[in-house]
Amino acid sequence: MTPLLAVDGHHLLYRSWWGFTERRITSRDGRRDLTGVFGFLAILRKTHLEQAPGHEIVVVFDGENAAASRRSKDPGYKADRVVADHSPIQSLPLVKDGLDVAGVSWIELEGHEGDDVIAALARTATRAGRTVTCYSGDRDLYQLASEQVTVLTPARRRITPGEVHARHGVLPRQWPDLRALTGDASDNIPGVRGIGPKTAAGLLADGLHLEQLRHSTRLHRPRCRPIAESWEQILTWRDMIRLDHRIPLPAGLTTSTPTTPLPRAAAVLEDLHLW
């Protein structure tokens, strides 16, 4: 079975846009900033050739109103991103055009975050006997790591179940429990006051989930009192961190056929008459 390379499109776009801060890539007349689309296509091409040859590529983007469902559970979810610099988004239409020219499938589902769509893609693919590489810098995808699913970071580190446990002291399935306790600054989830990664990993040792932790003696320590005081909020945070693999995907999104090696970014931009 052809392995699948599921790409976190928004993460790659932002990385591409901010990755050339000293020297921007522009059209020949200097009027159009092409840094985002050029960087996106160049990095994707290199990743496919060097890290995932023979894979079928699917690029996943956040849909419109993607955070609405989680924000209904906690209005503070990703609240800090409202005032962030979202300049890279101006390149998104060109990136999609470039992917079409390069023959790469992409998907954007309204009301759904890209991570959830990647989770659904991974579940569908593994059930069909395929292995999956998820390319992203978002650590929430660590919860997908398994014998069939690997997370490839921008630093080219491959995150396996063993890697998750060695670095964080928990199993991939415990990742939402861990992050609910420690928080996730990137999503504006504060976590429990005074509970850091080492303490949280110790509380969850031996594969415990939050429900089992609550009935254990591990919470009897004075420093763990804030956990009991914030219990319902912790469960809400965990629910927000968990990825939804049940999202229905459109038929024909994947073909099980390896994606043809991508043309160079400059050639794609030439085909799009962007230079």
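Let me start with helix 5, residues 114–127. At 1.5 Å a residue, its 14 residues should span 20 Å, and the end C-alpha atoms are 20 Å apart, which agrees. Keep in mind that this is a predicted model.

How much of helix 5 is buried? Of its 14 residues, 11 are buried, so helix 5 is largely enclosed by the rest of the structure. The buried residues are G114, D115, D116, V117, I118, A119, A120, L121, A122, A125 and T126. What covers them includes five strands and a helix: strand 1 (4–8), strand 2 (56–61), strand 3 (105–108), strand 4 (132–135), strand 5 (149–152) and helix 3 (68–73). After helix 5 comes G129, with a positive phi near 90 degrees.

Now the sheet that those strands belong to. It is an open sheet of 6 strands, in the order 3-2-1-4-5-6, with mixed pairing. Strand 3 and strand 6 (158–159) are the edge strands, each pairing on one side only. Strand 1 and strand 2 run parallel and are joined by 5 bridges. As one point of register, L4 stands opposite E56 in strand 2.

Next, empty space. Searching the whole structure gives 1 cavity of 30 Å³ or more. The space in the largest cavity is about 90 Å³. Which residues are closest to its centre? Of the 13 that line the largest cavity, they are Y77, E113, D115, D140 and D187. Helix 5 comes back here: helix 5 and helix 11 (231–241) each supply at least two residues of that lining. D115, then, is among the buried residues of helix 5 and also among the residues closest to the centre of the cavity. By class, the cavity lining has 5 nonpolar residues, 8 charged and no polar.

On to the pockets. The largest pocket holds about 970 Å³ of space. It is lined by 28 residues, and those closest to the centre are H10, Y14, D62, K78 and R81. Helix 1 (9–18), helix 3 and helix 4 (92–102) each supply at least two residues of the lining. Helix 1 has the largest share, with 3 residues. The lining of the largest pocket divides into 13 charged, 8 nonpolar and 7 polar residues.

The second largest pocket has a volume of about 360 Å³. Its lining has 16 residues, with R123, Q143, L144, L243 and H245 closest to the centre. Which helix gives the most to this lining? Helix 5 does, with 4 residues. The classes in this lining are 8 nonpolar, 5 polar and 3 charged. Helix 5 therefore supplies residues to the lining of the largest cavity as well as to that of the second largest pocket, while 11 of its 14 residues are buried.

Last, a single residue from another part of the chain: I227, in helix 10 (residues 225–229). Is I227 buried or exposed? Buried means under 20% relative accessible area, and I227 counts as buried because its relative accessibility is 0%. Leaving aside neighbours within four places in sequence, I227 is in contact with L181, V192, I195, L203, L219 and I234. As for L208, it lies 19 residues from I227 in sequence, and the two C-alpha atoms are 15 Å apart in space.

Note on methods:
Residues are numbered from 1 along each chain as its sequence is written. This is a predicted model: local features need pLDDT of at least 70, side-chain atom pairs count only at pLDDT 80 or more; totals for chains, interfaces and linings use all residues. Side-chain values use heavy atoms; hydrogens and water are left out. The expected span of a helix is 1.5 Å times one less than its number of residues. Buried means under 20% relative accessible area, exposed over 50%, partly exposed in between (1.4 Å probe, protein chains only). Contact means heavy atoms within 4.5 Å. On a 1 Å grid over the protein atoms alone, a cavity is a set of points where a 1.4 Å probe fits but cannot get out, and a pocket is an open set with protein on both sides within 12 Å along at least five of seven lines; lining residues have an atom within 4 Å of a point. Grid points are joined across faces, edges and corners, and a volume is the space filled by probe spheres set on the points. Ala, Val, Leu, Ile, Met, Phe, Trp, Tyr, Cys and Pro count as nonpolar, Asp, Glu, Lys and Arg as charged, and the others, Gly among them, as polar. Two strands pair if DSSP finds at least two bridges between them.
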